[in-house]
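Grab a pencil and work through these exercises on the protein shown below. Try each task yourself before you read its solution.

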Amino acid sequence: MTLKKHFYPLNMLLLLLTLGVGCSNDKASKEVPVQIEESPPSVSGMPEGKLIIQLSDKEKDELQIETARVSSNIQNYRLQVPGVVFPASGYVSIISTPLDGRVSAVMIRDGDPVRKGQELFKIESLVFGNLVAEYLQGLAEERFQTTRLERLKQLVEQTISSKAELDRAMSDYQRASAASIAAFAKLKAIGVPDHEIEALKSAENIDPSLKIHAPIGGKFDQRMVELGQSVNALEKLGRIIDTDKVLIKGYLSPEDARSIQMGDSVRIGRRDNDQLGIAAVVSSVNPGLDEENRSVVVNVEVHPEDGWPKPGETVRMEIATRSLGEVFAVPLKAVTYDGNQAVVFVKKDESTYEKRGIEITEIQDQFAIVNEGMQEEEEVAISQVFSLKALSRFEMIAEE
């Protein structure tokens, strides 16, 4: 009897709790339609990942999206490029010794003006002395065989000597002539000029000193040896730079370099001066990337003005070029990113926008240059871009 009295209040409490939970569930189920009374924008999938965003009248009035028309046929534009000055090809020469020896005379200093053919160094070399002796021996043997051949020709005509002896004399003469020509070529190969070789024929003694001459005119730079120093064959002695022409290498990203062509006009200016001074054209474009900075190198040859620019300086280059094929200029305010993909929102009508991926080739001023993903006369949203991006993800967020 006592046990029943204790259970009765407990049963009543459980019944009241059950009724309370049921009522709250019924109330919640009735409130659900109220939370989604205003339907979200329609987001439908399109081919190739395109999305169509349909705005309601209320959203259209609240967002007040501004648009801009995409301009096409961008033909001419300018690229700002950093450049480094180098000696031009054919206007710089490395001076080296062709033979082992010892520096017996130095007739030049760093910075001295040099004329073509000027004597710069003397290299005392046993190897050179042997080459001179070989040349003189070859000349003497050729003269002897020439005289012998002429005498035998006369004897054969008088039937005093046989035809076989004449043939042997002709063969000896040809060998002697070939040896003389080879000795002459060896002297030419190590840089001995013709007038010095000619002078060897009348010299009473053999001078083993090889004279090193300037192959071009200009200014001497970077002397690398001293008087009395022993040198090996092909060792560098210094270099000559002719500053009448220099080579400027400009470094561009692979994307910017796509439109650069030979003959494009260039203006060269100082880095600390806004005025661009020297006019030139693109001489060539390297076919591959520079290994050090992973850039495409554009080569421009110019004649310095008033001693500027000099090799080793850095300059500023402005290249005027044109796009390859039809491209479109899209305002940067219209561009956003979905991951790594650049996208814009293209206006289809007053309430409809298409989310579309684009390919940007370069950025110029306040515009992105696009060569894929746009069509002529289309309009893109330039305000409320973030809101359109959020609306385009509504369906994904709802699923999560």
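**Exercise 1: A helix with two sides**

Which residues in helix H7 (residues 385-392) are buried? Then work out how they are arranged around the helix axis.

*Solution.* Keep in mind throughout that this is a predicted model.

Step 1. Go along H7 and pick out the buried residues: Val-385, Leu-388, Lys-389, Leu-391 and Ser-392.

Step 2. Recall a bit of helix geometry: an α-helix has 3.6 residues a turn, so residues three or four places apart point the same way.

Step 3. Now look down the axis of H7. The buried residues fall within an arc of 160 degrees, so they line one face of the helix.

**Exercise 2: The big picture**

How many helices and strands does the protein have, and what percentage of its residues is buried?

*Solution.* Step 1. Count the elements: there are eight helices and 25 strands.

Step 2. Turn to burial. Of the 400 residues in the protein, 36% are buried.

Step 3. Check how far along the chain the contacts reach. Taking contacts with a separation of 6 or more, 70% are between residues 24 or more positions apart.

**Exercise 3: Sorting strands into sheets**

In what order do the strands of the sheet with S9 and S7 sit? Do the same for the sheet that holds S13 and S11.

*Solution.* Step 1. Start with the sheet that has S9 and S7. Its four strands run in the order S10-S9-S7-S12, the sheet is open, and the pairing is antiparallel. Strand S10 (209-213) and strand S12 (230-231) are the edges, each with pairing on one side only.

Step 2. Zoom in on one pair here. Strand S7 (residues 101-106) is joined to S12 by two bridges, and Gly-101 sits opposite Val-231 in S12.

Step 3. Move to the other sheet. Four strands make an open sheet in the order S6-S13-S11-S8, again with antiparallel pairing. The edges are strand S6 (92-96) and strand S8 (113-114), which each pair on one side only.

Step 4. Follow S11 to its partners. S8 and S11 share two bridges, with Pro-113 opposite Lys-219 in S11. S11 also pairs with strand S13 (residues 236-241) over three bridges, in the antiparallel sense. There, Lys-219 faces Ile-241 in S13.

Step 5. Try a further pair outside these orders. S14 and strand S18 (residues 296-302) are antiparallel and joined by seven bridges, with Leu-247 opposite Glu-301 in S18. Strand S14 (residues 246-252) is mostly covered, with five of its seven residues buried.

**Exercise 4: Into the pocket**

Which residues lie nearest the centre of the largest pocket, and which strand gives the most to its lining?

*Solution.* Step 1. Here's the idea behind the search: rolling a probe the size of a water molecule over the atoms shows where empty space is left.

Step 2. Note the volume of the largest pocket, about 290 Å³. Its lining has 13 residues, and Lys-219, Ile-241, Thr-243, Lys-310 and Pro-311 lie nearest the centre.

Step 3. Sort the lining by character: five residues are nonpolar, three are polar and five are charged.

Step 4. Find the top contributor. Strand S11 (residues 218-221) gives three residues to the lining, the most of any element.

**Exercise 5: Buried or exposed?**

Is each of these residues buried, partly exposed or exposed: Asp-112, Leu-152, Thr-159 and Gln-222?

*Solution.* Step 1. You need the cut-offs: buried means under 20% relative accessible area, exposed means over 50%, and partly exposed is in between.

Step 2. Asp-112, in the loop between S7 and S8, has a value of 18%, so Asp-112 is buried. Among residues beyond four places in sequence, Asp-112 contacts Gly-218, Lys-219 and Phe-220.

Step 3. Leu-152, in helix H3 (residues 126-157), comes in at 11%, so Leu-152 is buried too. Beyond four places in sequence, Leu-152 touches Ser-161, Glu-165, Leu-166 and Ala-169.

Step 4. Thr-159 lies in the loop between H3 and helix H4 (163-189). At 68%, Thr-159 is exposed. Thr-159 also has a positive phi of about 55 degrees, although it is not a glycine.

Step 5. Gln-222 lies in the loop between S11 and S12. Its 38% makes Gln-222 partly exposed, and its phi is positive as well, near 65 degrees.

Conventions: Residues numbered from 1 in each chain as written. Predicted model: local features only at pLDDT ≥ 70, side-chain atom pairs only at ≥ 80, totals over all residues. Heavy atoms only, no water. 1 Å grid on protein atoms, 1.4 Å probe; cavity = no way out; pocket = protein on both sides within 12 Å on 5 of 7 lines; lining within 4 Å. Points joined across faces, edges and corners; volume = space filled by probe spheres on them. Nonpolar A, V, L, I, M, F, W, Y, C, P; charged D, E, K, R; others polar. Pairing = 2+ DSSP bridges. Buried < 20%, exposed > 50% of the residue type's maximum accessible area, 1.4 Å probe, protein only. Contact = heavy atoms within 4.5 Å. Arc of directions from axis to C-beta.
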